[in-house]
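Student: I should like to go through the assignments in this structure one by one and ask what each rests on. May we begin with the strands?

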Amino acid sequence: MGSSGSPPEGDLLAISAKIVVAGGFGVGKTTFVGAVSEVPPMSNEAWMTEAGEGIDEIPPGGKSTTTVAMDFGRITLRPDLLLYLFGTPGQARFWFLWDDLSRGALGAVVLVDTSRIDESFAAINYFENDSELPFVVAVNQFEGKPVHDLEEVRDALALDPAVPLVTCDARDRASTIATLTELVGHTLSLAVLSGPAGRELAVSAPHA
């Protein structure tokens, strides 16, 4: 006889959600999506050429390509929760795509490079003032870069205390999963207050 407890995994009603991964140019968005995606990630990368000099700033580290449309990946956060990840282009000339990529999303992860923290302001400003999406800010811990206290980073970003601030390693699958789990939990903490739709999604949320 079957148990009266939780239904078997095959009977679960899967919920899918769109997540935006945003941030400045060269902050690690493509790496983040690629590290966590369970399918080969799609990336619209183009070579940076001399024609882009004076338009596209080349970040430290010798980055030779840039995302010109979006990155795309997919992860099953748990058997009944499937996330589709959309990485935004970081260069200012592609910001017009952000509205389209954010439409219908559950929330956003904004990646920050503390060595170029000023380049994070545009993305944070967008989600604070020009979008209604819940978001978390994740400090990407680049190898060999100094580690800063998160409260110091929050002050430097003038980040609202209600916005979660975490650290992550965009190269590491477990770390990126933890960041996505933080975002889903934050989104649900807001959605549950808004009515039944939020409570229904909470049933499928990953447990911290």
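Student: What makes E6 and strand E7 count as a pair?

Tutor: Two strands pair if DSSP finds at least two bridges between them. E6 (residues 135-140) and E7 (residues 165-168) are joined by four bridges in the parallel sense, so the criterion of at least two is met. Within this pairing, Leu165 in E7 is the bridge partner of Val137. The model is predicted, so local features are taken only at pLDDT of at least 70 and side-chain atom pairs only at 80 or more, while totals for chains, interfaces and linings use all residues. Residues are numbered from 1 along each chain as its sequence is written, and side-chain values use heavy atoms, with hydrogens and water left out.

Student: Which handedness has the β-α-β crossover from E6 to E7?

Tutor: The chain leaves E6, passes through helix H4 (residues 150-157) and reaches E7, and this crossover is right-handed. The term applies because, with the strands pointing away from the viewer, the path from the first strand over the helix to the second runs clockwise. The names of helices (H or I, at least four residues) and strands (E, at least two) are DSSP runs numbered from the N terminus.

Student: How many bridges does E5 form with strand E1, and how many with strand E6?

Tutor: E5 pairs with E1 (residues 15-23) in the parallel sense over five bridges, and E5 also pairs with E6 in the parallel sense over five bridges. On the E1 side, Val20 has Ala108 of E5 as its bridge partner. On the E6 side, Val112 stands opposite Val139. The path from E5 through H3 to E6 is likewise a right-handed β-α-β crossover.

Student: How do you know whether the faces of E5 are covered or open?

Tutor: Buried means under 20% relative accessible area, exposed over 50%, and partly exposed in between (1.4 Å probe, protein chains only). Six of the six residues of E5 are buried. Gly107, Val109 and Leu111 lie on one side and Ala108, Val110 and Val112 on the other, and both faces are thus covered. In a regular strand the side chains alternate between the two faces of the sheet.

Student: What makes the buried residues of H1 line one face of the helix?

Tutor: The buried residues of H1 (residues 29-36) are Lys29, Phe32, Val33, Ala35 and Val36. Seen down the axis of H1, they fall within an arc of 165 degrees, so they line one face. The arc is that of the directions from the helix axis to the C-beta atoms.

Student: Why is the contact of Asp80 with Arg78 called a salt bridge?

Tutor: A salt bridge is a side-chain nitrogen of Lys or Arg within 4 Å of a carboxyl oxygen of Asp or Glu. The N to O distance between Arg78 and Asp80 is 2.7 Å, so the contact satisfies the limit of 4 Å. Asp80 is buried because its relative accessible area is 5%, whereas Arg78, at 23%, is partly exposed. By this rule there are seven salt bridges. Another of them joins Asp169 and Arg171 at 2.9 Å. Asp169 counts as buried at 19%, and Arg171 as partly exposed at 48%. Elsewhere, salt bridges with shared partners join Asp113, Arg116 and Glu119 into one network.

Student: Where does Arg116 lie, and how do you know whether Arg116 is buried or exposed?

Tutor: Arg116 is in the loop between strand E5 (107-112) and helix H3 (121-130). Its relative accessibility is 10%, so Arg116 counts as buried. The side chains of Arg116 and Asp113 meet in a salt bridge of 3.3 Å, N to O. A polar atom of the Arg116 side chain also lies 3.3 Å from the backbone oxygen of Gly26; this is a polar contact because the limit for a pair of N or O atoms, one able to donate a hydrogen and the other to accept it, is 3.5 Å (for residues adjacent in sequence, both must be side-chain atoms). Arg116 and Gly26 are 90 residues apart in sequence and 9.9 Å apart in space, C-alpha to C-alpha.

Student: How many aromatic pairs does a search of the whole structure find, and why is the pair of Phe72 and Phe86 given its name?

Tutor: The search finds six aromatic pairs. The ring centres of Phe72 and Phe86 are 5.1 Å apart and the planes stand at 65 degrees, so the pair is edge-to-face. Rings of Phe, Tyr and Trp (its six-membered ring) pair if their centres lie within 6.5 Å; planes under 30 degrees apart count as stacked, over 60 as edge-to-face and the rest as tilted. Phe72 lies in strand E3 (residues 65-78) and Phe86 in strand E4 (residues 81-87), so the pair ties together parts 14 residues apart in sequence. Phe86 counts as buried at 16% relative accessibility, and Phe72 is partly exposed at 22%. Tyr126 and Phe127 also form an edge-to-face pair, with 5.0 Å centre to centre and 90 degrees between the planes. Both Tyr126 and Phe127 are buried, and ring pairs link them with Trp98 and Phe135 into a cluster.
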